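Let's take a walk through a protein model and stop at a few spots worth a look. Keep the sequence and the 3D view side by side as you read.

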Amino acid sequence: MTVIVLTACPAGLRGHLTQWMQEIAAGVFVGKLSRRVRERLWASVCELSAGGRALMVYQNRSEQGYTFETHDHHWEPVDFDGITLMRRPSGGAGASSKLKPGWSRASKRRKYGGRSGR
């Protein structure tokens, strides 16, 4: 079983994939492919994605029983003691700097009761 997920890819690529696989949801394709067809199809997905992202999951003889490949995806596969995990990009220091220092109004109300903070 092979699953390919496309995000922000041209409609022509989706049409190309429907020749080999079934589209079960928008941008999600499922099919049973041979290794040769899967590799050639993945090469065409990478070539025709035109700035979009693609993710492919397929059966493999490993501890997990499957493996996956990504193309122009901000999440990256990382091997961790023989198990492949997806590493998400961190939010960075900029994400937490938008918060105001101190306690929230809701926290003050719970602690002191009533309407504090006005």
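Here is a short tour of one histidine, a hairpin with a nonpolar patch, and a few backbone angles.

One thing up front: what you see is a predicted model.

**A histidine and its neighbours**

Start with His-71, which you'll find in strand S5, residues 66-71. Is His-71 buried or exposed? Its relative accessibility is 17%, and because the cut-off for buried is under 20%, His-71 counts as buried.

Who does His-71 touch? Leaving aside residues up to four places away in sequence, its contacts are Trp-42, Cys-46, Ser-49, Gly-52, Arg-53 and Ala-54. Two of these names come back when you look at polar atoms. The side chain of Ser-49 makes a polar contact with the side chain of His-71, at 3.1 Å. With Cys-46, the backbone oxygen is the atom to click on: it lies 3.4 Å from a polar atom of the His-71 side chain.

**The hairpin and its patch**

Now move along to strand S6, residues 76-80. S6 pairs with strand S7 (residues 83-87) in the antiparallel sense, over 5 bridges. If you want a spot to check this by eye, look at Asp-79, which stands opposite Thr-84 in S7. The two strands form a hairpin with 2 residues between them.

Phe-80 also lies in S6. Unlike a buried residue, Phe-80 counts as exposed, because its relative accessibility is 53% and the cut-off for exposed is over 50%. Phe-80 joins Ile-83 and Leu-85 in a nonpolar patch on the surface. Together, the three have about 280 Å² of accessible area.

**Some unusual backbone angles**

Before the last stop, a bit of background: most residues other than glycine have a negative phi. Which residues here have a positive one? Have a look at these:

| Residue | Phi |
|---|---|
| Ala-8 | about 60° |
| Asp-72 | near 50° |
| Asp-81 | near 55° |

Where do they sit? Ala-8 is in the loop between strand S1 (2-7) and helix H1 (11-17). Ala-8 is exposed too, with a relative accessible area of 65%. Asp-72 is found in the loop between S5 and S6. As for Asp-81, it belongs to the hairpin of S6 and S7 that you've just visited.

Methods. Residues numbered from 1 in each chain as written. Predicted model: local features only at pLDDT ≥ 70, side-chain atom pairs only at ≥ 80, totals over all residues. Heavy atoms only, no water. Helix = DSSP H or I, 4+ residues; strand = E, 2+ residues; numbered from the N terminus. Buried < 20%, exposed > 50% of the residue type's maximum accessible area, 1.4 Å probe, protein only. Polar contact = N/O pair within 3.5 Å; in protein donor to acceptor, adjacent residues only side chain to side chain. Contact = heavy atoms within 4.5 Å. Patch = residues over 30% accessible without salt bridge, like charges linked within 9 Å, V, L, I, M, F, W, Y side chains within 5 Å. Areas by Shrake-Rupley, 256 points an atom, 1.4 Å probe, with all protein chains shown as cover. Salt bridge = Lys/Arg side-chain N within 4 Å of Asp/Glu carboxyl O. Pairing = 2+ DSSP bridges.
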